[in-house]
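Hi,

Here is the structure I promised to pass on. Have a look at it first, and my notes on what turned up follow underneath.

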Amino acid sequence: MAAPKHWRTALERVEKFLSETYFTDCNLRGRLFGDRCPPASLSYFQTPRRIPYDEAVRQEFKLAQVGDSFGPTWETCWFKVELSIPPAWAGREVHFVWESDGEGMVWRDAQPVQGLTKEGEKTSYILTSSMKETEPHRWVVWGAWHCLKPRGWDHTSLSVSWSSEKLFRDSACSSGPTTGRRMDFPICLPVICCLMVCCWSPQPHTAELVVFNRDVYELLVDLEILLDMAQLLGEENQRSSQALCAANQMVNVCDVTDPSTFPAARALAAAIFSQRNGESQHSIHAMGHCHIDSAWLWPYEETIRKCARSWVTVVRLMERNPELTFACSQAQQFEWVRSWYPGLYEQIQDFVAKGQFIPVGGTWVEMDGNLPSGESMVRQFLQGQRFFQQQFGRVCSEFWLPDTFGYSAQLPQLMQGCGIRRFLTQKLSWNLVNSFPHHTFFWEGIDGSRVLTHFPPGDSYGMHGRVEEMLKTVKNNKDKGRVNHSAFLFGFGDGGGGPTQKMLDRMKRMSDTDGLPRVQISTPDQLFSALEKESSQLYTWVGELFLELHNGTYTSQAQIKKGNRECERILHDVEVLSALAMAQDCGFQYPASQLQRLWRLLLLNQFHDVLPGSCIQLVVEDALEYYAEIRRVGAGLQQEAVQSLCRELLEPEAGNAGSTLVLNTLPWERTEVISRAGAAGTETLVLVTVPSMGYAVVREPLLSPQPVVVRKREDGSIAMENGVIAACLDVMGRLTSLQLLDSQRESVPDGCCANQFALFDDVPLYWDAWDVMDYYLETRKPVTTLLKPLEITLAGGLRGSVSFSLQIGKSSTLTQEIILDATCPYLRFLTQVEWKEAHKFLKVEFPVQVRSTNATYEIQFGHLQRPTHWNTSWDWARFEVWAHKWLDLSEHGFGVTLLNDCKYGASAHGNILSLSLLRAPKSPDATADMGHHQFTYAVMPHLGSFQDAGVIQHAYSLNCPLHTVPTRSAPSPPWSAFSVSSPAVVLETVKQAEDRPGAIVVRLYEAHGSTVIAWLQTSLPVEEAILCDLLERPVGAERLQLEQQGLRLSFTPFRVLSLLLILRQ
């Protein structure tokens, strides 16, 4: 074989031989398709609904012409096409070719058989691999097209169906889409099928019957691989020269007009591909994958069709390629396909049984890794793993979360508690500042739990099986020498699509070719088993996996975040009260099915583009509707539980004066000021004490040991105190002083003001709803425009309050009521904002008289510390972080805590604690956060540590108000169902067991970061107590001993413990 004399000219010669642009009249690419044939006729039916096939084909269809326009946005057009295959095509492979920037579904015999999408490189459907004389040559075709365009586009500019997905991806970093674009599509659908399509087509594309030349295709793939080897291995590389030499000779041998020359050309390629690697070569475990966002630039309903389009294509590929494996996550998506496409789901079940279609992840959806509560994360696994067990007879052994915006340090323990010890993601490759130092390592959580973690070194979950990606996977691997195996996830993702035949054909040629890494079609289990064998030299990463990007998602779409926090609380309370009612009243039916539905709605909204707020307006509307349903149904379920639990107390008795039943769903006694209905519908304030996780009937309110005093000073400032704390506020509502009265310790530094609102410019580099950049801090503008000065609204007694109003920016307003209750250790800020800004970021700041190099933030089932300085790039990259209900800055003996009821974004730099309140991104939702907002935060100074001061308990109490029910019952003693002896241990959850209706599951966690023995006391008729895991499976055969003090439980720092309590019948 003669070597080419000039490397570059030979290289470009091969490129042009394969080009889709140059010399297609005489090169190999131009011979891929042979004869072509248009359709005979076309008719259509349009509907605003996503209707099933059986309903669509019964509709009245109207005639249509190629190039006709259809719309408006999100409508579906079904098409009926008549076509005829010429008899001369006998013996040839015939495809239906369709090219558009959208998505489609091919149906045959009333069943979906393949998806079509240009972006996913699936532009043809194989009608027949070899047309026989006996096969029908004439068919009727059905097609459905989904018309998509973003809100704000001119309705009249829309033509046949186009997809907002690609448009939004292209414009996600801009201020919005460009108006006035014409969308025309040439409708030529010659195929035996019913086609469902979501497409965006800004210009004419191809749709026709064609003869497909399989031998040309195989030769093209051979040459593409050799060309890539020549280009990417480098001119000085021996294998590069061999590959180029073979490719050049193949061009010499191949006469594109004479297929008889093709075998000789292919033999030259086979000689290169058959030369094997040495034993030390890196092994790549290739797995088909199709990341489908459960909602993002499309609504939930469209995702159902995306799943069907993608997965049916995978099934067809598996039929033709029995070696193909496909890793598929998100139980919710399986449930959608099961409900809407039962025939397809049966095929999927068959391939799951064969080990090809592999459920992974173990969660209900690929949820956000930062913002859901600890219990919500448990339920993601509980619902997901139970679904996979029930449907496929197995639970997942690996957690699969490739596209989430950071990972809580509590996740390793939650994984292990659900039977998972392996974790795969790749999102930290998106870090903007620091490159994460590992691809394969052990990840250790805050409790010490460790899981084997792997980041595919190619830094993607959507590989295409190219030589370049294989070489990157090896070169980029940061753990060379420690492990010699890595994952390679191939297939189009985000909007679906999945693997293609060409991807598989490329990797078959690279399976063991000298100069390239070994490539084997593998499974997650095979990959992790190989990594476990090599794990002795792996390093350990301790703590959170913080993504140095997308930290605007802690604040964007504030109504979604408020709905999440509220609905987590609602479901907690309904479960507690329903479980207690079940234990006390054998006639009460625990609402298991209703609660499962509500939990699944909440879990769905925790998907990693919904709860973070990085989705379109349609998705926001869906999410808010789901929250409204949880609130509405949850309120009814709570009322039913209270009626059963407290039936006797709610029955009126003659002669008894009005009283109030007060219920506490938290596991500690609470003394608080509440509002109750008085005479003639008036509201009165009372101070009450309610036992731990129980109730009390309040007839005569408690007397406050120290009333709240509110005084206005001559300069317009106002002082408030309640015997615990004393505050002074200026006319703009800013704290100039906040003292602990017992110690006279001042919280606000001299010359500073706390509760200072600040407005920042907020224009990120890339992703509008996702990102806030560090340079926004350079644009700080204190909010100083006063609309209504501070005035007293409640003069004191059990409650004192003051209020004021500010103008924010050009057109927004903020009204705040600052509230101090008797005996309460914190000052509460009830805030209402009319938000009308664009690309602005609103924060509230609390400079405090505390010095510490670390601040503490609540996370799921615990807390962690982050630096308050920017010494290193790792510190600086955390300029905006996330927290749950509180963050604290403490020095020895004293500290200040910020509490909140629905916010997640926060920061602590130096001695300034900041809470992120509102953003105003314009893409992908131009209306994001516009309108009315109400939220509460609080500031709590404390002596000693935040643990000893009860910060954790007070944060829960702020988020979980006491429940009140008017009654006229006889006096009754207080009742408590559960209590815990140690303040370090929180009883988080009380619910009915999933598989034992006569049993209760309780979940506790150690919250202080300490080793402690705690006693769980209960007044319920518990017969037996068993330790269980987070899936409620018994752990060990031993039963816990029921002692007079209760159940003795041993905790190490941040340990989560679940118990199965069997009740006496």
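K508 is partly exposed, at a relative accessible area of 41%; on the scale used here, buried means under 20% relative accessible area, exposed over 50%, and partly exposed in between (1.4 Å probe, protein chains only). Its salt-bridge partner is D505, with the closest N and O atoms 3.8 Å apart. A salt bridge here is a side-chain nitrogen of Lys or Arg within 4 Å of a carboxyl oxygen of Asp or Glu. D505, in contrast to K508, is buried, with a relative accessible area of 5%. The two sit about one helical turn from each other because they are three residues apart in helix α13. Helices (H or I, at least four residues) and strands (E, at least two) are DSSP runs, numbered from the N terminus.

Before you go further: this is a predicted model, where local features need pLDDT of at least 70 and side-chain atom pairs count only at pLDDT 80 or more, while totals for chains, interfaces and linings use all residues. Residues are numbered from 1 along each chain as its sequence is written, and side-chain values use heavy atoms, with hydrogens and water left out.

More on the charges. The whole structure has 51 salt bridges. D730 pairs with R734, the closest N and O atoms being 2.9 Å apart, and D730 is buried at 14% relative accessibility. Then there is K781 with D761, at 3.6 Å from N to O. K781 belongs to strand β32 and D761 to strand β31, so this pair ties together parts that are 20 residues apart in sequence. Both ends count as partly exposed: K781 has a relative accessible area of 42%, and D761 comes in at 28%. There is also a network, in which salt bridges with shared partners join R50, E301, E302, R305 and R309.

Staying just after α13, what does T513 touch once its neighbours within four places in sequence are left aside? The list is M229, R239, I272, F273, Q275 and N277, where contact means heavy atoms within 4.5 Å. T513 sits in the loop between α13 (501-509) and β20 (518-521), and it is buried, with a relative accessible area of 1%. A polar atom of the T513 side chain lies 2.8 Å from the backbone oxygen of R509.

S737 makes a polar contact too, side chain to side chain with E746 at 2.6 Å. For that term, the criterion is a pair of N or O atoms within 3.5 Å; within protein, one must be able to donate a hydrogen and the other to accept it, and residues adjacent in sequence count only if both atoms are side-chain atoms. S737 is part of strand β29 (residues 735-740) and counts as buried at 17% relative accessibility. Not counting residues up to four places away in sequence, S737 touches A726, A727, C728, E746 and V748.

V709 is in strand β26 (residues 708-712) and is partly exposed, with a relative accessible area of 30%. Apart from neighbours within four places in sequence, V709 is in contact with A719, M720 and E721. From V709 to G723 is 14 residues in sequence and 9.0 Å in space, C-alpha to C-alpha.

Now the nonpolar side. In soluble globular proteins, nonpolar side chains tend to be buried together. The largest nonpolar core here has 279 residues, and L28, F357, F846 and F978 touch the most other members. Such a core is a set of buried Ala, Val, Leu, Ile, Met, Phe, Trp, Tyr and Cys residues joined through side-chain atoms within 4.5 Å. Helix α15 (residues 558-584) gives the most to this core, with 13 residues. Outside four places in sequence, L28 is in contact with F17, L18, V216, L219, L220, L223, C254, V256 and F262.

Over near the N terminus, W7 is found in helix α1 (residues 7-18). Its contacts, again without neighbours within four places in sequence, are A230, Q231, E235, S240 and L244. W7 and T325 are 318 residues apart in sequence and 38 Å apart in space, C-alpha to C-alpha.

That's what I have so far. Shout if something looks odd.

Cheers
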